[in-house]
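Visitor: Could you walk me through this model, one question at a time?
Guide: Gladly, let's take a look together.

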Amino acid sequence: MTTYASDLLRLLAERGYIHQITDPEGLDALAARQVVPGYIGFDATARSLHVGSLVQIMLLRRLQQAGHKPIVLMGGGTSKIGDPSFKDEARKLLTAETIDANIASIRRVFEAFLTFGDGPSDAVMVNNADWLDALEYIPFLRQIGQHFSVNRMLSFDSVKLRLDREQSLSFLEFNYMILQAYDFRELALRAGCRLQLGGSDQWGNIVNGIELTRRMDSVEVYGVTTPLITTADGGKMGKTEKGAVWLNADQLSPYDYWQFWRNTQDADVGKFLRLFTDLPLDEIARLEALEGAGINDAKKALADAATAMLHGAEAAASAAETARRTFEEGAAGEDLPTLKVTGEIGLVDALVGLGLVASKNEARRLIQQGGARVNGEAVTGDGPVAVSGEVRISAGKKKHGLLVS
């Protein structure tokens, strides 16, 4: 492992965040001598970010922990276009009102991970609509467009993917990479930003911004990308049978979030503890060395720490207790998904209504295979379930819900 002089790059390297750095020596020296404002851009195309964005959120947290200034750039302007990077098709265009509402909703998540304020290392949230909405087209083309080669833009993987698949890439989307580069330059001028961080798929966009800022303003800025985070079986981080693992509590309960981390594959526990928790590295080394049934303690530590960071210690403790009562004592917990029923309900409808399966066909297959249980007893048909008080419905060993009258 490379030895760094700055706390920032040492911290990022030790915890596994670094994939590429545009100028490691230059950034290391800068971070060792001054507070470095650094930013990551986030789409405002939904009301919540999901766990696939968590590495980037944690990067900003690490930046602040090392004494530097996180800038959360919300794409209020670029979300009106949509990032074409590695997307198979164009996104639906959103109204300005929808985008503003999404940004307000997303901010709540960042407030759990970062300290906002006016201090030198306090986080700030900015919106690129503040400058992009005011651009005049002809002056922008004359001033900025001359620095971009279409030949080079066509060579980027994010563009080649769409063209190779003969899928339409609109001129609107094609402009996205120019606007992202312009964001970096604008933040360098407005906020003294010297660093852009992002996923490995953003390397080309980051380099564009560095080169634009250097050419137009003779300012040295830097870029860091993270590796693509996959699970031990090669799957995409955060991809589950039930869909996206949202970070806002109103879209995914703290209990379900806790369960997501508790279900981590054995081989991923150490990596995820380093990336997604603040536990000390020596404690992580101890936890990931556990074997056999002991690895479950490491998974619970991961679930507790990750959930407490996002939803608070009380929610994490409640989720852990519900899981303990459900799985160890066979009891129900108040954090389990619930469905109110008057009288009775078919088992297929109950499984779907509780969100334990994604479809009725999946529910029927589960029942046929003996994986559906009512109050702990296996059921092999879609007969009516009489509901009086509470009835526990289970899909396999790990998914449970309550029918309540």
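Visitor: Which residue of β13 is the bridge partner of Ala 395?
Guide: This is a predicted model, so please read every answer with that in mind. Strands β12 (residues 390–395) and β13 pair in the antiparallel sense over 6 bridges. One of these bridges links Ala 395 to its partner in β13, Lys 399.

Visitor: Which residue takes a positive phi in the hairpin of β12 and β13?
Guide: The hairpin has 3 residues between its strands. The residue there with a positive phi, near 75°, is Gly 396.

Visitor: What is the strand order of the open sheet of 5 strands?
Guide: Pairing in this sheet is mixed. Its edge strands, each pairing on one side only, are β7 (338–340) and β10 (377–378). Reading across the sheet, the order is β7-β13-β12-β9-β10.

Visitor: In what sense do β7 and β13 pair, parallel or antiparallel?
Guide: Two residue pairs help to place these strands: Thr 338 has Leu 402 of β13 as its bridge partner, and Lys 340 stands opposite Val 404 in β13. Strand β13 covers residues 399–404, and 3 bridges join it to β7. The sense of the pairing is parallel.

Visitor: And what is the order of the open sheet of 6 strands?
Guide: This sheet also has mixed pairing. Its edges are β1 (20–21) and β4 (124–127), each pairing on one side only. The order is β1-β6-β5-β2-β3-β4.

Visitor: Which residue in β6 does Ile 21 stand opposite?
Guide: Strand β1 pairs with β6 (residues 222–226) in the antiparallel sense, over 2 bridges. Within that pairing, Ile 21 stands opposite Val 224.

Visitor: At about what angle does helix α2 run to β6?
Guide: Helix α2 spans residues 24–33. The helix lies across β1, β5 (195–199) and β6. Its angle to β6 is about 105°.

Visitor: Why is strand β2 described as largely enclosed by the rest of the structure?
Guide: Strand β2 (residues 37–42) is joined by 6 bridges to β3 (residues 69–74), and the two run parallel. In that pairing Ile 40 stands opposite Val 72. A residue is called buried when its relative accessible area is under 20%. Strand β2 is largely enclosed because its buried residues number 5 of the 6.

Visitor: Is Gln 56 buried or exposed?
Guide: Gln 56 is found in helix α3 (residues 54–65). Leaving aside neighbours within four places in sequence, Gln 56 is in contact with Ile 40, Phe 42, Gly 198, Gly 199 and Thr 226. With a relative accessible area of 12%, Gln 56 is buried.

Visitor: What does Ser 200 count as, given its relative accessibility?
Guide: Ser 200 has its place in the loop between β5 and α11 (203–217). Not counting residues up to four places away in sequence, Ser 200 touches His 19, Thr 225, Thr 226, Pro 227 and Leu 228. The C-alpha atoms of Ser 200 and Gln 20 are separated by 7.7 Å, although the two residues are 180 apart along the chain. At 27% relative accessibility, Ser 200 counts as partly exposed.

Visitor: Which helix gives the largest share of the largest nonpolar core?
Guide: That core has 70 residues, and those with the most contacts inside it are Leu 54, Phe 110 and Trp 261. Phe 110, for one, touches residues including Phe 42, Leu 49, Val 72 and Met 125. The largest share of the core, 8 residues, comes from α15.

Visitor: How many residues are in the second, separate core?
Guide: This core includes Ile 71, Leu 73, Trp 131 and Phe 148. Its number of residues is 26.

Visitor: What is the handedness of the crossing of α12 and α15?
Guide: Helix α12 (residues 254–262) and helix α15 (residues 295–311) pack at an angle of about 140°, with axes 8 Å apart. Tyr 257, Trp 258 and Trp 261 are among the α12 residues in this contact, and the α15 residues include Leu 302, Ala 306 and Leu 310. The residues of the contact divide into 8 nonpolar, 3 polar and 4 charged. The crossing itself is right-handed.

Key
Residues numbered from 1 in each chain as written. Predicted model: local features only at pLDDT ≥ 70, side-chain atom pairs only at ≥ 80, totals over all residues. Heavy atoms only, no water. Axes fitted to C-alpha atoms, helices over the stretch in contact; angles between N-to-C directions. Helix = DSSP H or I, 4+ residues; strand = E, 2+ residues; numbered from the N terminus. Left-handed = near helix turned anticlockwise from the far one by under 90°. Contact = heavy atoms within 4.5 Å. Nonpolar A, V, L, I, M, F, W, Y, C, P; charged D, E, K, R; others polar. Pairing = 2+ DSSP bridges. Core = buried A, V, L, I, M, F, W, Y, C linked by side-chain atoms within 4.5 Å. Buried < 20%, exposed > 50% of the residue type's maximum accessible area, 1.4 Å probe, protein only.
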